[in-house]
Structures are given as structure tokens and as C-alpha cells.
Amino acid sequence: MISKQRCRWLGDESAAVLIVDDDAELQADLICLFASAGITATGFSSAAEILGATLPYLPSCLILDLHLGRACGLATQQRLLEKGFRSPVIFLTGSPELAAVVDAMKAGASDFLAKPFDPSNLIRVVRSALERDRERWLADERMRDLRQRAGKLTPRELDVFQCLMRGLLNKQIAFELGLSEITVKIHRSNVKRKLRAESVVDLVRKGFLLEV
């Protein structure tokens, strides 16, 4: 068996698999399995260890043992959710219980695999989870960038943007804000440029995202 130290950070650095299992041998085998598939993985031996860790800021998924020593995998999942962890969670268990499966799925678990599991199936499930989280992560990044751009709007540009979101025409906005129509057009152009809106439709879509 390849040592955990040799396998720890092999693979694609643009995504990560986090493994929480108190079985050190299984944890090391999983890390090496993912490394052989080009997937970065790292392990945690207890709930306390992952709850106290600074998790990587990149697309990821969590593989969590349902029965984690003295801790409960479901409770660990809930604690991570409370800390803002939003990546997919895949549960592993040697004795699947219907009630536990239902509770895990209600809490947002991505999948539930019984031990012993088929390695190729686990890799398939993990790849799917990482792809979903990558899409979520990219959407979050786009939203964060949009909010930063919106934060650069001047108070008057924001006034014009809010009027646009109400469906007002330039002439109506000018009357409501006490501006000339030319000034409204300038502010409107600035809003479109700062938010990188490709069209009026795109500008309105971004307005809905920002809840203007």
C-alpha cells in the first residue's frame, strides 16, 4: 500500500476531495485511489479535525463516514453546514440504515454508498459531485464579482438603475429624478459599463440578481 504522505496532494489542484474517516488504512487507500484518477484528496481522522480545519477555497466534495468513532456523521454534516460548507457530501457506511439515509438526504447529502464499495463507482460519483460543485463555485464567483462591480455605482447611478428596474423610460426617469434626459442616458451608460452588461436585457437580468 502506498503511504498516505506520498499520495496526499497528487492530482488536479483545481478541485479537492475531503475524506473524513477514522479508519487510517481506508483513508490512505482512498487518497491513493483518487490520486490514481488524477483527483486531489486529503484526509481527516475525526469530526473535530475537519471542523477545526481551514478548508480549501475551491470546488470540492466531502466523503464522510456515517459512524465516525464517537461522533455521528450526520451531526458533523450539520455542523459543517452551519459553518457555511456547501459542497456535496457523500456518506460511506458499513451498515446503511433507512432512517439515516433519509436524514442525510434531507440535510443535502449528495450520495450514500455502502461498504465495501466499487472503486470505479466511487470515482464516478465523486467526479459528478466535483463537477456540480465547480458549477456552483463558478456561479458564486460570478455573483461576487457582480456585487463588487455594483458597489462601484454612484448613488445617482443606483437611482437610475432602480428606475430602469421599474420599467421607466429615460424621459420618465429624468422627470422623477429632476435630471435632463441626456444626464440620465450618461448614468445609464455608466451603469451598463460598470456591470459589464451586454444589452438592456442583460442589465435587467443582473438587476434581478442584485435585487435592485
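Okay, let's start at Thr93, which sits in strand 6, residues 89–93. Before I go on, keep in mind that this is a predicted model. Is Thr93 buried or exposed? It's buried, because its relative accessible area is 0%, and the cut-off for buried is under 20%. If you skip the neighbours within four places in sequence, Thr93 is in contact with Leu66, His67, Phe112, Leu113, Ala114 and Lys115. Take the last one of those: the C-alpha atoms of Thr93 and Lys115 are 5.7 Å apart, with the two positions 22 residues apart along the chain.

Stay with Lys115 for a second. What joins Lys115 to Pro116? A cis peptide bond, with omega at about -5°. As for where that is, Pro116 belongs to the loop that runs between strand 7, 111–114, and helix 6.

Lys115 also takes us to the annotated site. The unreviewed UniProt entry puts "modified residue: 4-aspartylphosphate" at Asp65. In the model, Asp65 is part of strand 3, residues 60–65. Asp65 counts as buried because its relative accessibility is 6%. Which residues does Asp65 touch, leaving out those up to four places away in sequence? Those are Val20, Asp21, Asp22, Gly73, Leu92 and Lys115. So if you have the structure open, Lys115 is a handy place to click: Asp65 touches it, Thr93 is in contact with it, and the cis bond to Pro116 starts there.

Right, pockets. The largest pocket has a volume of about 350 Å³. Of the 20 residues lining it, the closest to the centre are Pro56, Gly84, Phe85, Arg86 and Arg136. Which elements give two or more residues to that lining? Helix 3, 47–51, and helix 6. Helix 6 gives the most, with 5 residues. By residue class, the lining of the largest pocket splits into 11 nonpolar, 3 polar and 6 charged.

Next, the second largest pocket, at about 190 Å³. Its lining is Arg142, Met143, Asp145, Leu146, Arg149, Leu195, Arg196, Arg205, Lys206 and Leu209. Helix 6 and helix 10 are the elements that give two or more residues here. Helix 6 again has the largest share, also 5 residues. For anyone thinking about charges, the lining of this second pocket is 4 nonpolar, no polar and 6 charged.

Two of those lining residues deserve a closer look. One is Arg149, which lies in helix 6, residues 119–150. Arg149 counts as buried because its relative accessibility is 18%, and the cut-off is under 20%. Apart from residues up to four places away in sequence, Arg149 touches Lys194, Leu195 and Arg196.

That brings in the other one, Arg196. Where is Arg196? In the loop between helix 9 and helix 10. Arg196 is exposed, because its relative accessible area is 56% and exposed means over 50%. Its phi is positive, about 55°, although Arg196 is not a glycine.

While we're on backbone angles, Glu211 is another non-glycine residue with a positive phi, near 55°. Glu211 is in the segment after helix 10. Glu211 counts as exposed, because its relative accessibility is 72%. There's a glycine to mention as well: Gly167, just after helix 7, takes a positive phi of about 85°.

And helix 7 itself, residues 155–165? Its buried residues are Glu157, Val160, Phe161, Cys163, Leu164 and Met165. What covers them? The cover includes helix 8 (170–177), helix 9 (181–194) and helix 10 (200–210).

Last item, since Cys163 came up: cysteines. How many disulfides does the structure hold? The number is 0. As a reminder, a disulfide is a covalent bond between the sulfur atoms of two cysteines. Cys163 counts as buried because its relative accessibility is 3%. Cys61 is buried as well, because its relative accessibility is 0%.

That's my tour, thanks.

Conventions:
Residues are numbered from 1 along each chain as its sequence is written. This is a predicted model: local features need pLDDT of at least 70, side-chain atom pairs count only at pLDDT 80 or more; totals for chains, interfaces and linings use all residues. Side-chain values use heavy atoms; hydrogens and water are left out. UniProt positions are given in the numbering used here, feature names are shortened, and annotations may be inferred rather than shown by experiment. Helices (H or I, at least four residues) and strands (E, at least two) are DSSP runs, numbered from the N terminus. Buried means under 20% relative accessible area, exposed over 50%, partly exposed in between (1.4 Å probe, protein chains only). Contact means heavy atoms within 4.5 Å. A disulfide is a pair of cysteine sulfur atoms within 2.5 Å. On a 1 Å grid over the protein atoms alone, a cavity is a set of points where a 1.4 Å probe fits but cannot get out, and a pocket is an open set with protein on both sides within 12 Å along at least five of seven lines; lining residues have an atom within 4 Å of a point. Grid points are joined across faces, edges and corners, and a volume is the space filled by probe spheres set on the points. Ala, Val, Leu, Ile, Met, Phe, Trp, Tyr, Cys and Pro count as nonpolar, Asp, Glu, Lys and Arg as charged, and the others, Gly among them, as polar.
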